[in-house]
Amino acid sequence: MTERIVLAYSGGLDTSVAIGWIGEATGAEVIAVAVDVGQGGESLETIRQRALGCGAVEAYVADASDEFANEYAMPTLKANALYQGHYPLVSAISRPVIVKHLVKAAREFGATTVAHGCTGKGNDQVRFEVGIQTLGPDLKCIAPVRDLALTRDKAIAFAEEKGLPIETTKKNPYSIDQNVWGRAVETGYLEDIWNAPTKDIYDYTATPEFPPAPDEVTISFQAGIPVAIDGVKVTPLQAIKELNRRAGAQGVGRIDVVEDRLVGIKSREIYEAPGAMALITAHKHLEDITIEREQARFKATVGQRWAELVYDGQWFSPLKRSLDAFIEDTQKYVSGDIRMVLHGGQAIVNGRRSDTSLYDFDLATYDTGDTFDQSMARGFIELWGMSAKVASGRDIRVEGK
C-alpha cells in the first residue's frame, strides 16, 4: 500500500505546492486537511476543491469555529492569558485544534506521517510537532519548507510548471495568520523595529485616531464565560465576533511588540485582537470583585505560566492540564455584568455588578453606615510589621558595633 501523508492545508501557494512537492520527494499520497478556526476568506468547499485540483488524493475539511471558541479561546480568556503581558496567543491557541484534526484525519485515512508548512525558525513547527507526537506518538512529521527545501521561488516555479489552480503573483511582504481570536502580521519592513506600521497592515481594526462616537457595551458572564451582550444571549463564538466588530470599529486591540520566540529569536509582531482584548479586560475587572485576594494574586502567576506553556507548544502537557484545573476552580463565582466604553483604541470599564461579588459597600464606604471597626487597625499594623521591626532592630544592633 502506498504511504499516505496528511498535510495541514491553508489553501495558499506554499501548501498547495507542497501537495505535489511532497509527492515527488517521498512517493507518498497526500491528504489535505483544512480547518476553519474563524479566519474568514474562502469557503471550505473552495479550499477542498483546490486541494484536489493540486493533486491531493483526499481532502478533509472541518468547520471548527465553535470548537475553537469554546475549547481554546474560552480557556485563554479564563486565564487572562497574555504572553509577556501583551500577546493574547492568537496563533498559539489555534495550533492545538488544528493538530487534533490532523491526527484524526491521519487515523481516518491511514496516514503514517503529518506535514506542515512551518519554517525552521518559528514557534509553529514546535506547536505542531509536539502536539502531533503527544496525540499520535506513532506518527512521523515533516515540514516541506524546512525539510524538503521548498522555498518561495521554487513554489512559484512549481505551480506555474504544473499549472496548479493557485495565484502565483508577487509575494505579499507580510506573513499573516488569523482566526476569530485575532490576527498576526510579521516580516517584511516590520523586521526593522524602528519602522512604524502603516495603515495597510490592519484589517480587523479601524484607525483609532478618528473614532466614531463612543460605544457603551455591557458583557454578561457566567462562570468566566461571556453569555450575553447588552442583554442578548450569545455563544462564545458570537461574543468574540460581536466584539471584534464593535471594538474593532473603535481601533481597540492593536498590539505592536517585540517578543521572545521559543527558538531564542526576538521577533517583532503586529497583532489585532479587538474581541479578545475587550473580553480579557472585562473578565479581569469581573474577577477583581469576585475572586478572593490571595487566590487572585496566585492566579496571576498561574495565568502567566499558562500563557508561556501555550506559547511554547505545550497545550497537551500535564502541567497545562493541572493549571487548567486550578483556573477552572477560580471561575466558580466569576459571574455578573461588566459595562465598558469602547472608544479611540481603548476599552474602559465604568461599571460592575455581580450577585457573587466580594465587594461590600458597608465595609468600603467612608460615609454613615460604615460597618468597619477601625479600632482593629492598630493591633493589625503592630502584628503585620512585627517581623520587619525585629529584623530592623537586629540590623541596628549588629551594624552599630
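Which residues touch the most other members of the largest nonpolar core? The points below take up that question and several others, for a model that is predicted.

1. The nonpolar cores. The largest nonpolar core has 80 residues, and those that touch the most other members are Val-6, Leu-89, Ile-93, Leu-102, Trp-181, Trp-306 and Met-340. Apart from this core lies another, made up of 28 residues, including Val-30, Ala-155, Ile-156 and Leu-164. In soluble globular proteins, nonpolar side chains tend to be buried together.

2. Surroundings of Met-340. With neighbours within four places in sequence left aside, Met-340 contacts Asp-215, Glu-216, Val-217 and Ile-219, as well as Ala-278, Thr-281 and Ala-282. The list of its contacts ends with Ala-347, Ile-348, Val-349 and Asn-350. Met-340 falls within strand β13, which runs over 336–343, and Asp-215 belongs to the stretch 215–222 of β8.

3. The chain as a whole. The protein chain holds 14 helices and 14 strands. Its C-alpha trace spans about 85 × 60 × 45 Å along the principal axes. Of its 401 residues, 47% are buried. When contacts between residues at least 6 apart in sequence are taken, 73% of them join residues at least 24 apart.

4. Packing of α1 on α7. Two packed helices are described by the angle between their axes and the distance between the axes. Helix α1 covers residues 13–26 and helix α7 covers residues 152–162; their axes are 9 Å apart and make an angle of about 75 degrees. The two helices are therefore roughly perpendicular, since angles of 65 to 115 degrees count as such.

5. Residues in that contact. On the α1 side the contact is made by Leu-13, Asp-14, Val-17, Gly-20, Trp-21 and Glu-24. These meet Arg-152, Lys-154, Ala-155, Ile-156, Phe-158, Ala-159 and Lys-162 of α7. By class, the residues of the contact are 7 nonpolar, 1 polar and 5 charged. Two of the α7 residues, Ala-155 and Ile-156, are also among the members of the 28-residue core.

6. Cysteines. A disulfide is a covalent bond between the sulfur atoms of two cysteines. The count of disulfides in this model is 0. For Cys-118, the nearest cysteine sulfur belongs to Cys-141 and is 10 Å away. Cys-141 is likewise in no disulfide, with the sulfur of Cys-118 as its nearest, at 10 Å. Because a disulfide needs the two sulfur atoms within 2.5 Å, this pair does not qualify. Cys-118 is buried at 11% relative accessibility, whereas Cys-141 is partly exposed at 22%.

7. Positive phi values. Most residues other than glycine have a negative phi, and most peptide bonds are trans. Ala-223 is not a glycine, yet its phi is positive, at about 50 degrees. Ala-223 sits in the loop between β8 (215–222) and β9 (225–229), and with a relative accessible area of 26% it is partly exposed. Asp-230 also has a positive phi, near 55 degrees. Asp-230 is in the loop between β9 and β10 (232–233), and is partly exposed at 40% relative accessibility.

8. Gly-224 and Gln-331. Is Gly-224 buried or exposed? Gly-224 lies in the loop between β8 and β9 and is buried, at 0% relative accessibility. Leaving out residues up to four places away in sequence, Gly-224 touches Leu-77, Lys-78, His-283, Gln-331 and Val-334. Gln-331 itself is in the loop between α11 (318–330) and β13 (336–343), and is buried with a relative accessible area of 1%. Beyond its neighbours within four places, Gln-331 contacts Lys-78, Ala-223, Gly-224, His-283, Glu-287, Ile-291 and Lys-299. Lys-78 and His-283 thus appear among the contacts of both Gly-224 and Gln-331.

9. Some distances between C-alpha atoms. Gly-224 and Ile-327 are 103 residues apart in sequence and 10.0 Å apart in space. Gln-331 and Gly-20 are separated by 311 residues in sequence and by 48 Å in space. Asp-395, in helix α14 (residues 386–399), is partly exposed at 30% relative accessibility. The C-alpha atom of Asp-395 is 47 Å from that of Leu-89, with their positions 306 residues apart along the chain.

Note on methods
Residues numbered from 1 in each chain as written. Predicted model: local features only at pLDDT ≥ 70, side-chain atom pairs only at ≥ 80, totals over all residues. Heavy atoms only, no water. Buried < 20%, exposed > 50% of the residue type's maximum accessible area, 1.4 Å probe, protein only. Axes fitted to C-alpha atoms, helices over the stretch in contact; angles between N-to-C directions. Helix = DSSP H or I, 4+ residues; strand = E, 2+ residues; numbered from the N terminus. Parallel < 35°, antiparallel > 145°, perpendicular 65-115°, else oblique. Contact = heavy atoms within 4.5 Å. Nonpolar A, V, L, I, M, F, W, Y, C, P; charged D, E, K, R; others polar. Core = buried A, V, L, I, M, F, W, Y, C linked by side-chain atoms within 4.5 Å.
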